[in-house]
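Biologist: Before I accept the labels attached to a model, I would like to hear the reasoning behind each of them. Could we take them one at a time?

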Amino acid sequence: MTAPDSIRLTAIGTYLPDLRVPNLPAATTLGVGEDFLNTKIGIHTRAVKQPQQRTSDLCVEACEDLRRHASVHLDATQLLCVVTQNPDQRIPHTSAIVHEKLGLPGACMTFDLSQGCAGYTHGLAATAALADRYGFEHVLLCTCDPYTTITDPHDRNTALLFADAATATYLTTDAPGYRIVDADFGTAPGTTSVLRCGTEHLTMDGRGVFLNAAREAPRSIERLLDRNGLGPHDIDVILAHPGSKRIIDVVRETLGVDEDRLPFEIAHYGNTVSSSLPLMLAPRLHTRPPDTVLLAGFGVGFTWGTSLIQHTRSERSTR
């Protein structure tokens with residue numbers, strides 16, 4: 001088990017733009033059938049930000065939601081990390097801009113983490129490790145990847161998938177919450193071409209992404225569970241990055257779990273990249289949070305990160 005005084009994930013604020021763009025008209029134009037849209041992609045509408053909204057703006061909205069729904073001490077924040085591959089600008093780092101907009105204290109470490117769909121698990125690992133090493137008691141982890149700004153609306157491989165959102169996760173030593181028990185990370189050699197963005201638009205090898213996800217995500221989950229003497233049915237909920245409905249179906253079939261234990265929940269707002277996992281985790285924190293949660297992110301790179309987290313009220317050991 002993690003040391004009892006380690007930092008804990010206690011609350012998540014979220015922001016989804018109000019605008020929803022229906023997928024069926026675009027699918028028809030792109031030659032994608034309704035059955036394929038429903039059974040393979042699984043996304044009916046996508047949340048899309050306003051043109052003037054930047055990554056830092058969406059992060060601030062998520063932080064405001066965090067403040068409305070949880071007791072947080074942003075004025076005592078000692079570390080702010082923004083997970084994004086779509087920064088406001090090249091210089092300065094977007095976390096510094098968010099820091100300024102929120103009016104955070106000067107004694108606050110800020111950095112960006114350039115990660116995609118595995119970004120949340122990487123961000124949790126990096127911020128928790130830094131906090132535990134240097135004694136930080138109040139940490140803010142933001143995610144925001146507005147991929148609609150880099151998606152070609154005429155590209156059937158990407159136009160029906162990606163959406164915009166932001167989240168703000170609060171980690172502290174002052175309240176009950178989730179500790180990271182263990183994690184598994186990796187990058188498949190020779191797979192950097194499956195998702196790329198050069199000077200303008202995102203390009204995706206859909207088959208390459210699917211094959212890597214179908215292979216690496218279950219393997220990572222099984223390695224992590226085996227190392228901790230657990231099976232899939234010992235976990236209360238498994239939240240896997242919803243790259244598409246078909247990917248989630250395959251991961252679910254491989255692990256032998258049902259839809260209640262490994263859900264697909266993005267049909268009405270889309271694939272929000274690094275924000276997908278915290279968006280699914282957030283509502284589960286509002287009532288009685290599950291004791292054990294497994295978070296599985298995978299995508300750009302082709303990179304994966306799988307984290308096993310446990311609520312501090314749970315007395316059962318996962319080791």
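Modeller: What follows is a set of questions about a predicted model, each answered by setting a value against its criterion.

Biologist: What makes the chain as compact as a globular protein of its length?

Modeller: The radius of gyration is 19 Å, close to the 20 Å that the globule rule gives for 319 residues, so the chain is as compact as a globular protein of that length. Its C-alpha atoms fill a box of roughly 55 × 45 × 40 Å along the principal axes, and the chain has eight helices and 13 strands. Among contacts between residues at least 6 apart in sequence, 78% join residues at least 24 apart, and 59% of the 319 residues count as buried.

Biologist: Why is Leu-141 called buried?

Modeller: The cut-off for buried is under 20% relative accessible area, and Leu-141, at 0% relative accessibility, therefore counts as buried. Leu-141 lies in strand β6, and, leaving aside neighbours within four places in sequence, its contacts include Cys-81, Val-83, Tyr-120, Thr-167 and Leu-171.

Biologist: What makes the pair of Tyr-147 and Phe-162 tilted?

Modeller: Ring centres must lie within 6.5 Å for a pair, and planes under 30 degrees apart count as stacked while those over 60 count as edge-to-face. The centres of Tyr-147 and Phe-162 are 5.0 Å apart and their planes stand at 50°, so the pair is tilted. Both residues sit in the loop between β6 (138–144) and β7 (166–172), 15 residues apart, and both are buried. The structure holds two aromatic pairs, of which this is one.

Biologist: How do you know that Arg-133 lies over the face of Tyr-134?

Modeller: The charge-bearing CZ of Arg has to be within 6 Å of the ring centre and within 35 degrees of the ring normal; Arg-133 is listed as lying over the face of Tyr-134, at 4.9 Å from the ring centre.

Biologist: Which residues touch the most other members of the largest nonpolar core?

Modeller: Of the 76 residues in that core, Leu-9, Tyr-120, Leu-281, Leu-295 and Phe-298 do so, and the largest share of the core, six residues, comes from helix α6 (residues 206–227). Leu-281 touches, among others, Leu-9, Tyr-120 and Leu-295, not counting residues up to four places away in sequence. Apart from the largest core lies another, of 22 residues, among them Leu-66, Leu-80, Leu-140 and Cys-144.

Biologist: What covers the buried residues of α7?

Modeller: The cover includes α2 (34–41), α6, β11 (237–240) and β12 (292–299), and the buried residues of α7 (residues 245–255) include Ile-247, Asp-249, Arg-252 and Leu-255. Gly-256, which follows α7, has a positive phi near 75°.

Biologist: What makes the backbone at Val-273 worth a remark?

Modeller: Most residues other than glycine have a negative phi, and most peptide bonds are trans. Phi of Val-273 is near 60°, a positive value in a residue other than glycine. Val-273 is placed in the loop between α7 and α8 (276–281), and its 1% relative accessibility is under the 20% cut-off, so Val-273 counts as buried.

Biologist: Where are cis peptide bonds found?

Modeller: One runs from Ile-91 to Pro-92, with omega near 0°, and Pro-92 is in the loop between β4 (79–83) and α4 (94–102). Another runs from Gly-301 to Phe-302, with omega near -15°, and Phe-302 is in the loop between β12 and β13 (303–311).

Definitions and conventions
Residues are numbered from 1 along each chain as its sequence is written. This is a predicted model: local features need pLDDT of at least 70, side-chain atom pairs count only at pLDDT 80 or more; totals for chains, interfaces and linings use all residues. Side-chain values use heavy atoms; hydrogens and water are left out. Rings of Phe, Tyr and Trp (its six-membered ring) pair if their centres lie within 6.5 Å; planes under 30 degrees apart count as stacked, over 60 as edge-to-face and the rest as tilted. Helices (H or I, at least four residues) and strands (E, at least two) are DSSP runs, numbered from the N terminus. Buried means under 20% relative accessible area, exposed over 50%, partly exposed in between (1.4 Å probe, protein chains only). The radius of gyration is taken over C-alpha atoms; the globule rule is 2.2 Å times the number of residues to the power 0.38. Contact means heavy atoms within 4.5 Å. A nonpolar core is a set of buried Ala, Val, Leu, Ile, Met, Phe, Trp, Tyr and Cys residues joined through side-chain atoms within 4.5 Å.
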